[in-house]
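Open the model in your viewer and keep the selection panel at hand. The stops below say what to pick and what you will find there.

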Amino acid sequence: MTRTMSLAARRPAGTAPLLEVSDLRKHFALPRPFLNRVLQAEQHQLVRAVDGIDFTIERGKTLSLVGESGCGKSTVAKLVMGLIGTTSGRIVFDGVDLSHAPAGAPAKLRRRMQMIFQDPYASLNPRWRVRDIIAEPLQTYRLCASRAEETREVDRLLEFVGLNAKDGDKFPHEFSGGQRQRISIARAISTKPDFLVCDEPTSALDVSVQAQILNLMREMQRELGLTYLFISHDLAVVNFMADWIGVMYLGRLVELAPAETVFASPQHPYTRLLLDTIPDLTMARRGREPVAGEVPNPIDPPPGCHFHPRCPFAESRCRSEPPQLRETVLGASTACHAVEEGRLPPAVASGFAGGAIPTDGAHLLGKIAPPDQQLVG
Amino acid sequence: MALLEVDRLRVEFPTRNGTLTAVDDVSFTVEEGEVLGLVGESGAGKSMTGAAIIGLIEPPGHIAGGEIRLDGGRIDALRGEALRKVRGKQIGAIFQDPLTSLNPLFTVGDQLVETIRTHLPLSVAEARRRAVDWLAEVGIPAPDKRIDQYPHQFSGGMRQRVVIALALCAEPRLIIADEPTTALDVSVQAQIIALLKKLCRERNAAVILVTHDMGVIAETADRVAVMYAGRLAEIGPVKQVLEKPNHPYTAGLMGSIPRIGPRPERLIQIAGSMPRLSDIPAGCAFNPRCTRVFADCHVHRPRLAASGDGAVACLHYEGARP
């Protein structure tokens, strides 16, 4: 709780954040087969998909959760939307605790929260006409008084997202990936929400189409004053969208900071690693040595700080004691013993510095053990 | 002479509603030891071009025109045993998803030994020794233990390392890598790309790297060919194509990639999307989306015209007019 307080204390007076998440947890049980349980007394295993995370999102702002597969970022999205129940923790939307409310309830609040999914080929019902897909939320929340008004509203939404009102009579398969994602967006904003959860909304799209969708989402934010929880694994996309960035690793937030701070002075070694893996289009860093190692299996994460087997700064404390998210610089919080103890070399700003672009990854991670020693099986 | 010459390649798919041309008049060469990036968005024909080179086009698709020559000898019309001697031995392949490129019912050792013995005259024991060496070479720890494990016992990155070992173990001279890192996490992508590059350089093997990711190209390729709607839009040295793109499509593509650095108000975007193969416009295929379109673009289909150290298929360039 103290962590939430410190985050809350930082906000300007009089404007409560739209979403406050505190100590959120979601554990999934992995059932063992019946015979293994009976004969070998095997216990159910627990996957701590989300293991105690705290964040807040201010009105009209974007928080991005980034991380690699298995870090729990999509689980957070589903928890916030109420698509799955929480194990523990609080999700407070506009002052109301939703952590134990069933999906869809209370309707008055749920209308204001909508979600855009990753794969527009899977998230639209292939047997429905686009008009019906977009009108469904309008009917669910009884937002239109008459059929004619509903038709007008669907036409308006289609045109708002850059499609043609006539497209409403088509089926999803008649559209390209980018157009389908526009349909998903039209459906999501049909209820006039304040808050959109976007789970990798462009990772299934080609880059030229991704640019269209990202531009549209920024425009929508400006025009409609939307607040986004934007989930992505692509830091360059996040740089374009986010005001705040939360970096997740195996169910925990390792860094939570304003976007500029993350890019200008990344603190956590994992954040530095992620920044280092962004391919450089200027070709200035060709031939650099990539950082070794992979994300471990979330069923059996390393003890202490989950990142320690890959971390060049790991010490005995990191192997036993999980670090807490603590404030470090410029409003940023980091969960890292090395940062807290001041044993981490300052990071070189990537990109924002404008001038010297480093020629290898070593500057970010300090001295790195030879790759062979770090490979985990 | 170039290692590989692709000359006016055309791949067609007959359908009930007419013939679709997936690869349309594509020509390029690959020199020995060179990394050629083949980029484009989905439906551009880049994977199909790669598949045509190793004879992996699924019927009813077929090569309908042009030639593919390896060391001057035609390989586009090979069948049966003759094709098998080229595929695997001369040209190796790496695909996107390592889990589907490996047989789940055999250990990685079985698969490596089989591949090695198919192409090289070695005994089982020798092949196994070589397989262990290969696993060590691609950075798999404890290779003498891991060789007897099954693909599901490896992580995604480790699996792709095994696939790289499989592609390289017959010592091919050309590797076709089709989106080799797309299914992997970002921190593993860089490792796999670096490994592939290092191994191919050491063995002087050329690579055709098929990808949609300009970042991967920027870090790896010597030259780049940009494809659009089954056609080559532009080809040239990586620096020229990425930094001073000639074709309006390449320019738009480069502008639409979000980057690290000061945040722009808007990304440059290309209107619309790639046309379906059944619906390719007359003239230049890019004309409905092009910001520099003029009357001729709707009439003439541009040819590749020399520009700088490369070539570009755009009517704004001299020599592109047919």
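**A tour of chains A and B**

Start with the helix pair H7 and H8 of chain A: H7(A) passes H8(A) in a right-handed crossing. Keep in mind that this is a predicted model.

**Stop 1: H7 and H8 of chain A**

Select residues 177–189 for H7(A) and residues 207–224 for H8(A). Their axes come within 10 Å and cross at roughly 20 degrees. An angle under 35 degrees counts as roughly parallel, so H7(A) is roughly parallel to H8(A).

Now show side chains. On the H7(A) side, pick Gly178(A), Gln181(A), Arg182(A), Ile185(A) and Ile189(A). They meet Val209(A), Gln212(A), Ile213(A), Leu216(A), Met217(A), Met220(A) and Leu224(A) in H8(A). Color this contact by class: eight residues are nonpolar, three are polar and one is charged.

**Stop 2: the loop before H8**

Move to Thr202(A). It sits in the loop between strand S7 (195–199) and H8 of chain A. Is Thr202(A) buried or exposed? Thr202(A) is buried, because its relative accessible area is 5% and the cut-off for buried is under 20%. Look for what it touches beyond its neighbours within four places in sequence: Gln210(A), Ile213(A) and Leu214(A). Ile213(A) also belongs to the H8(A) side of the contact with H7(A).

**Stop 3: Asn125 of chain A**

Keep Leu214(A) selected and add Asn125(A). The two are 89 residues apart in sequence and 23 Å apart in space, C-alpha to C-alpha. Asn125(A) lies in the loop between strand S6 (113–116) and helix H5 (130–140) of chain A. It is partly exposed, with a relative accessible area of 33%. Which residues does Asn125(A) touch, not counting those up to four places away in sequence? They are Ile133(A) and Pro172(A).

**Stop 4: Pro312 of chain A**

Next, select Pro312(A), in the loop between helix H11 (269–276) and helix H12 (316–320) of chain A. Pro312(A) is partly exposed, at 27% relative accessible area. Add Leu344(A) and draw a distance between the C-alpha atoms: 9.9 Å, across 32 residues of sequence.

**Stop 5: chain A as a whole**

Zoom out to chain A. Its secondary structure comes to 15 helices and 12 strands. Of its 377 residues, 53% count as buried. Switch on the surface: chain A exposes about 16000 Å², and carbon and sulfur atoms supply 53% of that area. Take the contacts in chain A with a separation of 6 or more: residues 24 or more positions apart account for 68% of them.

**Stop 6: H11 of chain B**

Cross to chain B and select H11(B), residues 248–255. This helix is mostly covered, with six of its eight residues buried. The buried ones are Pro248(B), Tyr249(B), Thr250(B), Gly252(B), Leu253(B) and Met254(B). What covers them? The cover includes H8 of chain A, the helix from the opening stop. From chain B it includes helix H9 (214–220), strand S9 (223–228), strand S10 (231–237) and helix H10 (238–243).

**Stop 7: H4 and H5 of chain B**

Finish with H4(B), residues 108–119, and H5(B), residues 124–137. They pack at an angle of about 115 degrees, with axes 9 Å apart. The crossing is right-handed. Val108(B), Leu112(B), Val113(B), Ile116(B) and Arg117(B) of H4(B) make the contact with Val124(B), Ala127(B), Arg128(B), Arg130(B), Ala131(B) and Leu135(B) of H5(B). By class, the contact has eight nonpolar, no polar and three charged residues.

Notes: Residues numbered from 1 in each chain as written. Chains lettered and ligands numbered in written order. Predicted model: local features only at pLDDT ≥ 70, side-chain atom pairs only at ≥ 80, totals over all residues. Heavy atoms only, no water. Axes fitted to C-alpha atoms, helices over the stretch in contact; angles between N-to-C directions. Helix = DSSP H or I, 4+ residues; strand = E, 2+ residues; numbered from the N terminus. Parallel < 35°, antiparallel > 145°, perpendicular 65-115°, else oblique. Left-handed = near helix turned anticlockwise from the far one by under 90°. Contact = heavy atoms within 4.5 Å. Nonpolar A, V, L, I, M, F, W, Y, C, P; charged D, E, K, R; others polar. Buried < 20%, exposed > 50% of the residue type's maximum accessible area, 1.4 Å probe, protein only. Areas by Shrake-Rupley, 256 points an atom, 1.4 Å probe, with all protein chains shown as cover.
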